[in-house]
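Please read this report with the sequence and the model side by side. It is meant as a guide for looking at helices, side-chain pairs and loops.

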Amino acid sequence: SGASSGASRKPKDSSELTDPFADATRPPAEELAAVCADGTLLCELVRVLENKDVGGVTWRPESSAQKLHNLTKALQHLRLQPAMSPMHLWCERDILNGDAEMICGLLGDMRACTAYRRAGRRT
């Protein structure tokens, strides 16, 4: 097929070379859920948003147990945030199974929590 032939298109820029969505064939929400299913992206988001290292993350998880461990790590950190909605904080298995509605809900809650915390810092 086209991916291995000489007819495949060249990346527009270097960022496209590492873009996990570059060859997405699923709807965007499903693609996002698939990328989040191993927990590494959520752990990285928690690290950036909280400015804290999430210890004990398996950065190249191969088994479901390792992926579930990463998801649990990320959600444990988020559970400590008082402004974080509890609605999606106990959905490790749903995220692991690629539930797009759950991951989109969790990311929306993370965004709202971050906005709330930033608004609280202003004087």
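The paragraphs below take up two helices, then the salt bridges, and then two loop residues.

The model is a predicted one, and every value given here was computed from it.

**Helix H2 and the residue after it**

Helix H2 covers residues 40-50, and the residues in it that are buried are Thr40, Leu42, Cys43, Val46 and Glu50. When H2 is viewed down its axis, these buried residues fall within an arc of 165 degrees, so they line one face of the helix. The helix is followed by Asn51, a residue with a positive phi near 55 degrees.

**Helix H3 and Asn70**

The 16 residues of helix H3 should span 22 Å at 1.5 Å a residue, and the C-alpha atoms at its ends are indeed 22 Å apart, so expectation and model agree. Leu68, Asn70, Leu71, Ala74, Leu75, His77 and Leu78 are buried in this helix.

Among these residues, Asn70 deserves a separate description. Its relative accessibility is 0%, which is under the 20% cut-off, and Asn70 therefore counts as buried. What does the side chain of Asn70 reach at 2.7 Å? The partner is the backbone oxygen of Thr58. Leaving aside residues up to four places away in sequence, Asn70 also touches Asp38, Gly39, Thr40, Cys43, Val57, Thr58 and Pro61. Two of the residues in that list, Thr40 and Cys43, are also among the buried residues of H2.

**Salt bridges**

The structure holds three salt bridges, and the table gives each pair with its N to O distance and the relative accessible area of both partners.

| Pair | N to O distance | Arg, relative accessible area | Glu, relative accessible area |
|---|---|---|---|
| Arg26 and Glu31 | 3.0 Å | Arg26, 40% | Glu31, 9% |
| Arg47 and Glu44 | 2.6 Å | Arg47, 34% | Glu44, 28% |
| Arg79 and Glu92 | 2.7 Å | Arg79, 22% | Glu92, 12% |

In the pair of Arg26 and Glu31, the arginine Arg26 is partly exposed, whereas Glu31 counts as buried. The side chains of Glu44 and Arg47 meet within helix H2, where the two residues are three residues apart and are therefore separated by about one helical turn. Glu44 counts as partly exposed, and Arg47 likewise counts as partly exposed.

The side chains of Arg79 and Glu92 meet in a salt bridge of 2.7 Å, N to O. Arg79 lies in helix H3 and Glu92 in helix H4, so this pair ties together parts that are 13 residues apart in sequence. Here Arg79 is partly exposed, while Glu92 is buried.

**Two loop residues**

Met87 is found in the loop between helix H3, residues 64-79, and helix H4, residues 92-96. Is Met87 buried or exposed? With a relative accessible area of 65%, Met87 is exposed. The C-alpha atom of Met87 is separated by 8.5 Å from that of Asp109, although the two residues are 22 residues apart along the chain.

Asn97 has its place in the loop between H4 and helix H5, the latter formed by residues 100-121. Asn97 is exposed, with a relative accessible area of 65%. Measuring from C-alpha to C-alpha in the model, Asn97 and Ser64 are 9.7 Å apart in space, and they are 33 residues apart in sequence.

How values were computed. Residues are numbered from 1 along each chain as its sequence is written. This is a predicted model: local features need pLDDT of at least 70, side-chain atom pairs count only at pLDDT 80 or more; totals for chains, interfaces and linings use all residues. Side-chain values use heavy atoms; hydrogens and water are left out. Buried means under 20% relative accessible area, exposed over 50%, partly exposed in between (1.4 Å probe, protein chains only). Helices (H or I, at least four residues) and strands (E, at least two) are DSSP runs, numbered from the N terminus. The arc is that of the directions from the helix axis to the C-beta atoms. The expected span of a helix is 1.5 Å times one less than its number of residues. A polar contact is a pair of N or O atoms within 3.5 Å; within protein, one must be able to donate a hydrogen and the other to accept it, and residues adjacent in sequence count only if both atoms are side-chain atoms. Contact means heavy atoms within 4.5 Å. A salt bridge is a side-chain nitrogen of Lys or Arg within 4 Å of a carboxyl oxygen of Asp or Glu.
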